[in-house]
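Me: I'd like to go through this one by asking how each label was earned. Could you set the values against the definitions for me?

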2 protein chains.
Amino acid sequence: MYIETIHSPSDIKKLSMKELHVLSEEIRQVLLKKLSEHGGHFGPNFGMVEATIALHYVFNSPQDKIVYDVSHQSYVHKILTGRKEAFLNPEQYDEVSGYSEPQESEHDFFVIGHTSTSVSLAGGLAKGRDLKGGKENIIAVIGDGSLSGGEAFEGLDYAAELNSNLIIVVNDNQMSIAENHGGLYRNLQVLRESEGQCGCNFFKAMGLDYRYVKDGNNVEQLIEAFAAVKDSNHPVVVHINTVKGKGYRFAEQNKEGFHYCIPFNVETGQTWTDFSEEEDYATLTADYLLKKMKEDPRIVGITSGTPTVMGFTPEKRAEAGKQFVDVGIAEEHAVALASGIAAAGGKPVYGVYSTFIQRAYDQLSQDLCINNNPAVLLVFWGSLSSMNDVTHLCFFDIPVVSNIPNMVYLAPTCKEEYMAMLEWSLRQNEHPVAIRVPANGVITKGEVTDSDYSLLNHYQVVRKGEKVAILALGSFFQLGEEVADLFKTKSGIEATLINPRYITGLDNELLEELKENHSLVVTLEDGVLDGGFGEKIARYYGPSDMKVLNYGARKEFVDRFDIEELLRNNRLTKQQITEDILQKL
Amino acid sequence: MYIETIHSPSDIKKLSMKELHVLSEEIRQVLLKKLSEHGGHFGPNFGMVEATIALHYVFNSPQDKIVYDVSHQSYVHKILTGRKEAFLNPEQYDEVSGYSEPQESEHDFFVIGHTSTSVSLAGGLAKGRDLKGGKENIIAVIGDGSLSGGEAFEGLDYAAELNSNLIIVVNDNQMSIAENHGGLYRNLQVLRESEGQCGCNFFKAMGLDYRYVKDGNNVEQLIEAFAAVKDSNHPVVVHINTVKGKGYRFAEQNKEGFHYCIPFNVETGQTWTDFSEEEDYATLTADYLLKKMKEDPRIVGITSGTPTVMGFTPEKRAEAGKQFVDVGIAEEHAVALASGIAAAGGKPVYGVYSTFIQRAYDQLSQDLCINNNPAVLLVFWGSLSSMNDVTHLCFFDIPVVSNIPNMVYLAPTCKEEYMAMLEWSLRQNEHPVAIRVPANGVITKGEVTDSDYSLLNHYQVVRKGEKVAILALGSFFQLGEEVADLFKTKSGIEATLINPRYITGLDNELLEELKENHSLVVTLEDGVLDGGFGEKIARYYGPSDMKVLNYGARKEFVDRFDIEELLRNNRLTKQQITEDILQKL
């Protein structure tokens, strides 16, 4: 196998075109085996096999520097830059991250996971090179939906002013995670149809030189194009037309489903695990919204390129019709759009992963909250326990969202409470409301909860006790129950257990009352401590005799962590917390 | 005067073309008088006189809805929509805000101050209209530099998919606050030169219909163009070529200087106040950086459209040459670019207003801090006391910047400390460093301060006392001194006074030590309390007997406030704080 002879990019340069073709197929087989066993970003990497080979054939990494956008399509790059064992050998599968990672290799320059950053970062490498008088090539690889993010546009706009070498490879696979959206993608289509010849060219309009590669999965065509732009003295776009999931039938047929995969049967393309029977908040949300949409034409679901986070599968998107909008990967626009719709009397519901809501901080503050428009945001996966790549951490949304005035950020603790809050958020017209969708599985309490949340910052006392009060927020409510139970077992004391429900404000009356027969307040939040909920409780009690213990995660970037270990390291197990309480009393 | 007959937009429709021309001149005289006496956004409004008249002549506001980007160019709109007294009558000058404001008029739809939002917000109004089955026109007015922000691009990209009425007026005055930057503006130039006819058209490439108006200060041409697109059943761009500052010689000659004005002499165009002798942090910064740039070619200043915030006047920009980059209004790109430059071994220094750094939260987190690149950020005007428009509040930067892991956010308390921290930030290669430039005037202590800040989170004890410790951060350090003095006068007790210096971390050792002979810790920060510095101190002492009082601003949006009143309302005067301390002891 040729793949075994590739220890660094220089080994690629020794191969003939025919051998490179064989190498491509070998790499696909390796990826198919690993990803079917291990899971990962399937479609983006299958589409980029030839382009990555061609890049390393033409350019001299790491002197020449390749920056991959999102970098979930850098698997082939990793295979070719000395990290192939992590793809060939199942025992080493986890030795590389799913994204580019400078700590792994001198061929990687940034840890990148959010989209649309590559042109700006590569622009920085180019500017740094120019300041230092270097001559190397700087290459940004962007595409797979990430052109629609504003940061990419800002980067392209700047690139035109750089007046020096910057090569921007646009990987046009006609897809985002789901299908592409937006006017720009129509221009890409026209460019494909005219083989790059049409006069109205987005990239040229941005002041950039341009070159088209008709078959972006043809290694010869790619090598020719890259060789032609190598050492260019000005920024140039190489637009390559690739097939997402190329070479694996099921992935080519179901591009959205195979964007990211969990382990599956190679023969059938079906996952080994059947989740269809399991209740989840995504499906609950989509089904509820679809029902409401039929009753009320003003309701509209919004996604920024990840419709299934809120349960909107292709079928449900079709069912919703004009009442569901995918703006592409463009979180800023999604929030501003929601504010505008709400201002016009519509009922927008924007569903977004915790890790991505931070891409729209200014829009949350300016476009939405200053204007106090009653848009609804559903923040999914907000938890220490969801994604564990450093680029996709989901535990910073509380500091991001909750410190903005006017925002009402709710933390439901079970299915019934979530549905009640969602229903209220659509009914009310007073506030921008965000809901931190529970991230610890669908827990049913079977109880009727309050249906009206318009009396803001009114916490719910679930168990009335003494001495110790536990404020257990959202997904950590069940942890709070466990701590209260264990504490009772150990001490005989019934602690007061409180469901705060509102992340964005304090129940001053209740907090004041607690002083009467409590000496310790414990806060639990499923997120980072800094700038979070617990600190506000600590501030409230700062001048008083009340002791406060805040539980959550330390402010740090952690990567591919074991969640149990992370929880233990932050003293977030019920045993540790109970121990601390007993010691403190 | 015709202006006196205009009570609502319907009155404009009664005037002849000739009368509209006279009205334009009357409005310019009114603006000249008010702005020369009162200050305000000069150039943007002078350029938009005819376009605003034409918009109201053609469309039927408020049924048809006009959304002004940044909205600092909505003065003429205010004059024409029942608010002219606030421009004619000096006693009423302050009765309108400098931005669009729904609470003032049914003709305003959003409070807007940050740029690049209008297309997205108008897109929301259009989508809301479509959901409800309305037929009104929705108009976004964008330009004056705000096309370069990513959110504008995301909005344009979405607009093409709207398939219904949305009219986007691009006010092309060939300027941002300073000159325009970026490839897009070259396309605008080509469009102007070809009178909208050139084949490579950015807006058409984005999938939008397009129309050009050669003289955007000619009311007939504008009326013709707007009438042609009125009731359009699809999104269309009307590109109007205007002159920033049109009609006032000094403003046309010095477009950057007259973007915003303070009171000036109409005859000479000179401000009444001469600030040139006064020392300020902008000039100190530019002069220092220019000196360092000459010694070190790796140093590069970066601005996102506001070069003078860091002292880079046109002359100093010219002097810096390639070592100064204006990316246009594109904060996201600015941060990512800085990270890229630092990764390449350059020394980027990005200067930005506090209110705008929040536009790049995700880039601070992902592009910069996860990668831990040693870029330098200078956050200017971070204070309760700087800008007081609700859209430009400068007191949220601490929660935004300081809760991101790896970031080192420094708070100097005087000129010497600022210069020492700036020098260190450029010298070190370990951390992304942000400096919150003091915002309470240039205070000189005349002392040599530490030159090395690499021992992170090491607070400085300025006065060693007992019982009470005052942690006085950055611009509030002098308030801390005053409180300590007043407290000593009243109680005879010398309080410990601490300059924390580091916003991003705790000096655990010192905080622990304080427990020995202090019972109260007071924190002072010139910003919002929620998610800020003081809460972290409260969390630290939560489990202990130490009492903590946090001083800063309540989480709320405030508009055109009187600073003394705001400080009093938040108990931020030295008397109030001292009173609280005495009461608490």
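Me: How do you know how helix 7 of chain B and helix 8 of chain B are placed relative to each other?

Reply: From their axes: helix 7 (residues 118-132) and helix 8 (residues 150-159) of chain B come within 7 Å and cross at roughly 35°. Axes here are lines fitted to C-alpha atoms, for helices over the stretch in contact, and angles run from 0 to 180 degrees between N-to-C directions. Helices and strands themselves are DSSP runs numbered from the N terminus (H or I and at least four residues for a helix, E and at least two for a strand). The model is a predicted one, where local features need pLDDT of at least 70, side-chain atom pairs count only at pLDDT 80 or more, and totals for chains, interfaces and linings use all residues. Residues are numbered from 1 along each chain as its sequence is written, while chains are lettered from A and ligands numbered from 1 in the order in which they are written.

Me: Which residues of helix 7 and helix 8 of chain B meet?

Reply: Val119(B), Ser120(B) and Gly123(B) of helix 7 meet a set in helix 8 that includes Glu151(B), Ala152(B), Gly155(B) and Tyr158(B). Contact means that the C-beta atoms, placed from the backbone, lie within 7 Å. By class, this contact has 5 nonpolar, 3 polar and 2 charged residues. Nonpolar covers Ala, Val, Leu, Ile, Met, Phe, Trp, Tyr, Cys and Pro; charged covers Asp, Glu, Lys and Arg; the others, Gly among them, go down as polar.

Me: What part does helix 7 of chain B play in the side of chain B that touches chain A?

Reply: The contact takes 98 residues from chain B and 98 residues from chain A. Helix 7 of chain B gives the largest share of chain B's side, 11 residues. That side divides into 40 nonpolar, 36 polar and 22 charged residues.

Me: What makes the length of helix 13 of chain B agree with expectation?

Reply: The expected span is 1.5 Å times one less than the number of residues. Helix 13 of chain B (residues 281-295) has 15 residues, so it should span 21 Å, and its end C-alpha atoms are indeed 21 Å apart.

Me: Why do the buried residues of helix 13 of chain B count as lining one face?

Reply: The buried ones are Tyr281(B), Ala282(B), Thr285(B), Ala286(B), Leu289(B) and Met293(B). Seen down the axis they fall within an arc of 125°, so they line one face of the helix; the arc is that of the directions from the helix axis to the C-beta atoms. On the other side, Asp287(B), Lys291(B), Lys294(B) and Glu295(B) are exposed. Buried means 20 or more other C-beta atoms within 10 Å of a residue's own, exposed means 12 or fewer, and partly exposed is in between, with C-beta atoms placed from the backbone. Among the elements covering the buried residues are strand 8 (299-303) and helix 19 (415-427) of chain B.

Me: Why are strand 9 and strand 12 of chain B placed at the edges of their sheet?

Reply: The open sheet has 6 strands in the order 9-8-10-11-13-12 (chain B), with parallel pairing. Strand 9 (324-326) and strand 12 (408-410) of chain B each have a single partner strand, so one side of each is left without a neighbour in the sheet. The twist averages 20° from one strand to the next. Pairing needs at least two DSSP bridges; strand 8 and strand 9 of chain B have 3.

Me: Why is strand 17 of chain A called largely enclosed?

Reply: Of the 11 residues in strand 17 (residues 518-528) of chain A, 9 are buried, so the rest of the structure largely encloses this strand. Strand 17 of chain A pairs in the parallel sense with strand 15 (residues 467-472) of chain A over 6 bridges. It also pairs in the parallel sense with strand 18 (residues 547-553) of chain A, over 6 bridges, with Val522(A) opposite Leu549(A).

Me: Why does Asn163(B) count as exposed?

Reply: Asn163(B) has 12 C-beta neighbours inside 10 Å, so it counts as exposed. It sits in the loop between helix 8 and strand 4 (166-172) of chain B, and its phi is positive, near 55°, though it is a residue other than glycine.

Me: And why does Arg560(A) count as exposed?

Reply: The count for Arg560(A) is 11 C-beta neighbours inside 10 Å, so the label is exposed. Arg560(A) has a positive phi too, about 40°, and is not a glycine.

Key: Contact = placed C-beta atoms within 7 Å.
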